[in-house]
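I opened my notebook to look at how two chains meet and where open space is left. Here is what I looked up, in order.

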Amino acid sequence: MKPRVRIKYCGGCNPNYDRVALVEAMKARLSGAVEWASSDTGPCDLVVAVQGCETACADLTAFDGYEIHHIKCPDDADQFAAQMHAKKHGLPSPESPAS
Amino acid sequence: MAMMTAKEYEESLRKLNLQVYMFGERIENVVDNPIIRPSMNAVAKTYELAHSPEHEDLMTATSHITGKKINRFTHIHQNVGDLVKKSKMGRLLGRETGCCFQRCVGMDTLNALSIVTYNIDQKYSTEYYARFLKYLEYVQENDLMVDGAMTDPKGHRGLPPHQQPDPDAFLHVVEERKDGIVVRGAKAHQTGAVNSHEVVVMPTLSMRREDADYAVSFALPSDADGITYIMGRQSCDTRKLEGGAMDQGNILFGGHEALVVFDNVFVPWERVFMCREYDFAGQLVEVFAAYHRQSYACKVGVGDVLIGAAQTAAEYNGADKASHIRDKIVEMNHLNETLYCGCIACASEGHKEPSGTYCVNILLANVHKHNVTRFPFELSRLAQDIAGGLMVTLPSEKDLKAPETGKWIRKYFQANPDVPTENRMRILRLIENLTLGTAAVGYLTESMHGAGSPQAQRIMISRRVNLAEKQKAAKKLCGIEE
């Protein structure tokens, strides 16, 4: 069963990269591997916190107890995508982005 | 009611019956007036981004009254995190609009009143706080844009309000009735006034007993009977009437300021938040000023735009590799991020007031604002240095588009051959806009005088630092025993 993944953005006051473009690219890359949940469609299995910089200040208080993956740069998105693909194919998971 | 969209906000303004004057004429259609429209677009951005997943973390909050999701501009700060997010939201919007987006004054007014009305009630057993909360709920539920109106015209600066030759130099109570008060006076420099649903008035000075009639705070619909708006001019304002898409520099957004006249305007009691409690006027001014000085986080965002424009201009000029240009860009960033340090610091060091509202560190907010009175001027100087003199001698867009002249402009004003001349002109016009044009009103002169002129911050810094403790530290280290 595909994991339900919710995207939670930081506020984007001074991002180091285009967060929306990165999420779009990540969604395209993970098409078929995960199901994307919005804030309106109920529970999720894990949260991807799309942080514009190292400060990583996205408010995650609503996701206490959830598995959270922090994306602070495009490399983190690459690692997360690789991890999700590995999960899909039952392979050992590469190291996840730092939490 | 849910948060308004940008379109809903625009439509809500069309329902207002404002009395607005500009260039000697009554403006019937304020929303579509080409000089005013860019400022509405800027406020609309505060509504638009609240619906964007990639910005809602900063742009929205949870109401402590209703528990509903609200636009952060209608929120009362409940913790240090809220104060920090407010600063970051200012940077975000400054960068998105490149101008004054006008909604912060209302937010700062609401937060200041949430503190001071509570304190007045504690001393005088009045009911201002309850009235205020009811009003706040109305503002939050309807997602309103509020003009926080503090600055009086002030008349003779050497005289207190009650001694002014013209008693209306400061707004004051002229009549008290069973159902409310009547006020007369004006508020100057009101940013976003004609883009506002509501106007909330505050006194502008500490008051004495003799000035009690001037210690008044209230809220009114912006189109209440007796209120008149006279638009202020801005440098290069009539470029917006030329019908072009380049010479304005910032072709999307702008700010505005207006003189707001209250000519014997009635205010019902339920909308009065202070009436003659003169001993609290100074507190309201100080608390509002602290919040509003923090709000100059917006200039960091505008600074981001100016730095981006300067770097782009350098690349278009083919000068970006020169070491002195690189160093000037570093200096611009140094100054801009120092401003950011200030707005984050005063927020991070915030504290809880008796009403439960969190307030910024007043000393650090004043230090931050004091830097804002200086650094944008240096940032602008560096941007103009990098841009070169062409910025102020550039022919018009019409000349670029005209067959007779366009060919010469494209030929002689192309620098980097990979860059169309039109793009070089556009970026130079943006730098002009920010440093000399309509946006310079907000980025420069308003940075100097908004939320209080430089001397006001120096007075607050002097009051707030603890010199005695610093002396103790010094004496201890060198062995002085007293």
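**Where the chains meet**

I started with one pair: K8(A) and D57(B) form a salt bridge, with their closest N and O atoms 2.8 Å apart. I kept in mind that this is a predicted model.

Next I asked how many salt bridges the rule finds across the interface of chain A and chain B. The count is two. I also looked up polar contacts there, and the rule gives six residue pairs, both partners at pLDDT 80 or more.

Then I checked which elements of chain A are involved. β1 (4-9) and α1 (19-29) are the ones that give two or more residues to the side touching chain B. That side of chain A divides into seven nonpolar, four polar and three charged residues.

For the extent of the interface, I noted that 14 residues of chain A are in contact with 13 of chain B. The two chains bury about 1100 Å² between them, and 48% of this is on carbon and sulfur atoms. In chain A, the residues that lose the most area to chain B are G11(A), C13(A) and N14(A), together 47% of what that side buries.

**The largest pocket**

I turned to open space next. The largest pocket holds about 1400 Å³, and 49 residues line it. Which of them lie nearest its centre? I found T151(B), K154(B), T204(B), G452(B) and S453(B).

Several elements of chain B supply at least two lining residues each, among them β5 (146-149), β7 (180-191) and α16 (454-464). The largest share, eight residues, comes from α7(B). By type, I logged the lining as 19 nonpolar, 20 polar and 10 charged residues.

Methods
Residues numbered from 1 in each chain as written. Chains lettered and ligands numbered in written order. Predicted model: local features only at pLDDT ≥ 70, side-chain atom pairs only at ≥ 80, totals over all residues. Heavy atoms only, no water. Contact = heavy atoms within 4.5 Å. Buried area = accessible area lost by both parts, 1.4 Å probe. Salt bridge = Lys/Arg side-chain N within 4 Å of Asp/Glu carboxyl O. Polar contact = N/O pair within 3.5 Å; in protein donor to acceptor, adjacent residues only side chain to side chain. Helix = DSSP H or I, 4+ residues; strand = E, 2+ residues; numbered from the N terminus. Nonpolar A, V, L, I, M, F, W, Y, C, P; charged D, E, K, R; others polar. 1 Å grid on protein atoms, 1.4 Å probe; cavity = no way out; pocket = protein on both sides within 12 Å on 5 of 7 lines; lining within 4 Å. Points joined across faces, edges and corners; volume = space filled by probe spheres on them.
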